[in-house]
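Visitor: Could you show me how to read a structure like this one? I would like to take it feature by feature.

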Amino acid sequence: MKDDLKRKNITEADDETLKIIAERSPDPVIIHDGERVLYANPKALEYVSVEDLMEKKLVEFIHPDYRAIAVERMSKVMRGEEVEPYEELFILPYGREVWFETNPTPITFRGKRAVLLILRDVTARRRTEERYRDFFDNSLDIIAVTDLEGNFIEVNKAFEETFGYSREEVRGRNFAEVLKLSKEVADEIFRAYNKAFRERKNLSGVLFKVKRKDSQEIFIEGNVRLLWEGNKVTGFVGNFRDVTERVKLEERLKESEEKYRSVFNYSPLAIIVFDDKSRIVDWNRRAEVIFGWKKEEVLGKDIIELLVPEPLKGKMRQIAKRILKGEIYTHSINENLTKDGRTITCEWRNTIYRDAKGRIYGISIASDVTEKIKMEREIKESEERYRAVFTHSPVLIAILDKEGRFVEANPAMVKSIGENPIGRTLSEIFPADVAERRLMYLKKALEEDSLVEFEDERSGRYFINFYLPIEVKGEKHCLVIAQEITELRKLNKLLREMVEVNEAIVRIRDRGELVKKIEETLSDYSAKIVEKPIGGECIEISYGEKTYGFLCVKRVDEEMRSLLKTLIDDIAFAFKSMEDEERREELLKQLVENIKTLAYLVDRIRNPLAAIRAFTEIYIEDEEVRDKIFRQIERIVEIVKELDVSWAKSERIAKIERQIYDVSKIEKEFKKV
């Protein structure tokens, strides 16, 4: 029971906000009281089990070489002091070594002073650094890498110089053969290595008597650690020293180790050492890469004048003074200059050290964060653009998890649903049939990893939906984009009815019959064509200055009203055409009557003229009078001929008019179409 309570205390935080942040952190997070772990987040438990945390003090997980520093830092933080991040080597169960950048902060936890420790695993970077040839070659230690059978994989320059062998001579050969070991010594070494492999523990303080290539015997002392590839041990890395001349070696390395042992040689960060006059006294290779100047170009130059833009020089000199006065941990992010004239942004951490003679030097450690800051800014801008679109889009947008639970929902989606759905499932919000259908499409999108499009109906409202698989924090989710199409469907229905009305306009030539057809087609809108406005919305049917009545319907929206106005224009034109057709029919009838009368008159004129001519020839003897009568007759005959021609033309026109306004022919042609 007590262990269960202790387990709960370690794995659960009291403060809900702290718990959320810690449990979602990609880095291990630990809270301790200076000795014991009080809380560890899920990421920390990937490295060390709860049982191990319960059994050991925190300091027991730290490598002996780093414990003194760790204890000092813990004490400062427990006193409420702030310390800068620092890299420490941890020894985890089974001898696994992991480098963590530790970032402690004093807090109050469960009513007591405690330390919030955020760890960042930098083992991969450390391993990468260890593989760098320059570091490997220039190490003062003899380094030999062997496989599990004791065969050399790699050795460094110190090994070559100490034993007289080249790399090519020893690679692939067994250590016992190369070092000319006796069987007893070889067996002893093999047993020690085998024990380390079985127990997953590193060896320290191993002392061997070996022989050089020239058969000279020497003693080497050092440590052997397991070579890990992921979770698998693939060999051993031995770090040894020739302790035959231990005193000489220690004297030669003492000052160098005090200055640069853990941070300077081939660091991935720029390291600059300057004296109390701000003059550069050392400058590592990474500083050469970042700022462009070679070491020999900068020695003795003022670090502020060299690297700092004019507007920042005063501020940076104040920081330099603070560093040299003993404020050993100062941090800043500021712009700096490079040799080629570029301005870059660097993150600085500063401290001091004293040499054997007590002289104070400042150490500035810098990293180029120009691209990082630019990327962070771009990500922020991108997120702001996304959030603006998400928030202000009239389209319905949401994110669902694989169980159909709302993770995000924009205001348009909230308004459409009528309540905030975040944290609730589809089945908790929608009717069972709607929720079941939408969950089916969600699972289909996630299983097929493809876009799914479908239409559905909810409470008389119609939607077109798009379900798109996305990844959120490493887990599959579904992006939902939806648009209500209820009004669009109404407009489509009205358009189809308008087409039907227009077809009726073409076919039906009787106004009464056409009105009846229009009212039937638009019955869903309670349409009536009346002489005067009645209830509802009435729109005037007019062509030119003439009104043919009003189309009255129940209330419609603006888009539907616009379509109805177009339809009313067509109806007005149809009524006007019918009216014009009636007038043409009357004119045609009158024309036919006129033609008949004209024909009748022509016939009646011809007969008397023939009689007059005959009577003149018989009864008029006076030649002159007879000629005058004949001339008048000829004139009348000419007029009759003209009337004859006009009658023929009128007859043709009448026939054409009959054909044009023959409704049956029009209907036949329409049916062909």
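**Reading sheets, rings and cavities**

Guide: Let us begin with one pair of residues: Ile529 stands opposite Leu551 in strand E23. Before going on, note that this is a predicted model, where local features need pLDDT of at least 70 and side-chain atom pairs count only at pLDDT 80 or more, while totals for chains, interfaces and linings use all residues. Residues are numbered from 1 along each chain as its sequence is written, and side-chain values use heavy atoms, with hydrogens and water left out.

Visitor: Which strands make up the sheet around that pair, and in what order?

Guide: Strands of a sheet pair through backbone hydrogen bonds, either parallel or antiparallel. Here strands (E, at least two residues) and helices (H or I, at least four) are DSSP runs, numbered from the N terminus, and two strands pair if DSSP finds at least two bridges between them. The order is E21-E23-E22, an open sheet of three strands with antiparallel pairing. Strand E21 (528-530) and strand E22 (537-543) are the edge strands, each pairing on one side only. Three bridges link E21 to strand E23 (residues 546-553) in the antiparallel sense.

Visitor: Where are the edges in the sheet of five strands?

Guide: That open sheet runs E17-E16-E20-E19-E18, again with antiparallel pairing. Strand E17 (406-409) and strand E18 (452-458) stand at its edges with a single partner strand each, so one side of each has no neighbour in the sheet. Further in, strand E16 (residues 396-401) and strand E20 (residues 475-484) run antiparallel and are joined by six bridges. Asp401 has His477 in E20 as its bridge partner.

Visitor: How many aromatic pairs are there?

Guide: A pair of aromatic rings is described by the distance of the centres and the angle of the planes. Rings of Phe, Tyr and Trp (its six-membered ring) pair if their centres lie within 6.5 Å; planes under 30 degrees apart count as stacked, over 60 as edge-to-face and the rest as tilted. The whole structure has 13 such pairs. Tyr66 and Trp99 are edge-to-face, because their ring centres are 5.3 Å apart and their planes stand at 85 degrees. Tyr66 lies in helix H5 (residues 64-78) and Trp99 in strand E4 (residues 97-109), so the pair ties together parts 33 residues apart in sequence.

Visitor: Are Tyr66 and Trp99 buried or exposed?

Guide: Buried means under 20% relative accessible area, exposed over 50%, and partly exposed in between (1.4 Å probe, protein chains only). Tyr66 counts as buried at 15%, and Trp99 is buried at 11%. For a tilted pair, look at Phe159 and Phe163, with centres 4.7 Å apart and planes at 40 degrees. Both lie in helix H8 (residues 157-163), four residues apart, about one turn of the helix, and both are buried.

Visitor: Which residues lie nearest the centre of the largest cavity?

Guide: On a 1 Å grid over the protein atoms alone, a cavity is a set of points where a 1.4 Å probe fits but cannot get out, and lining residues have an atom within 4 Å of a point. Of the 15 lining residues of the largest cavity, Ile303, Ile304, Met316, Asn350 and Ser364 lie nearest its centre. Helix H16 (313-324) is one of the elements that supply at least two residues of this lining, and H16 gives the most, with four residues.

Methods. On a 1 Å grid over the protein atoms alone, a cavity is a set of points where a 1.4 Å probe fits but cannot get out, and a pocket is an open set with protein on both sides within 12 Å along at least five of seven lines; lining residues have an atom within 4 Å of a point.
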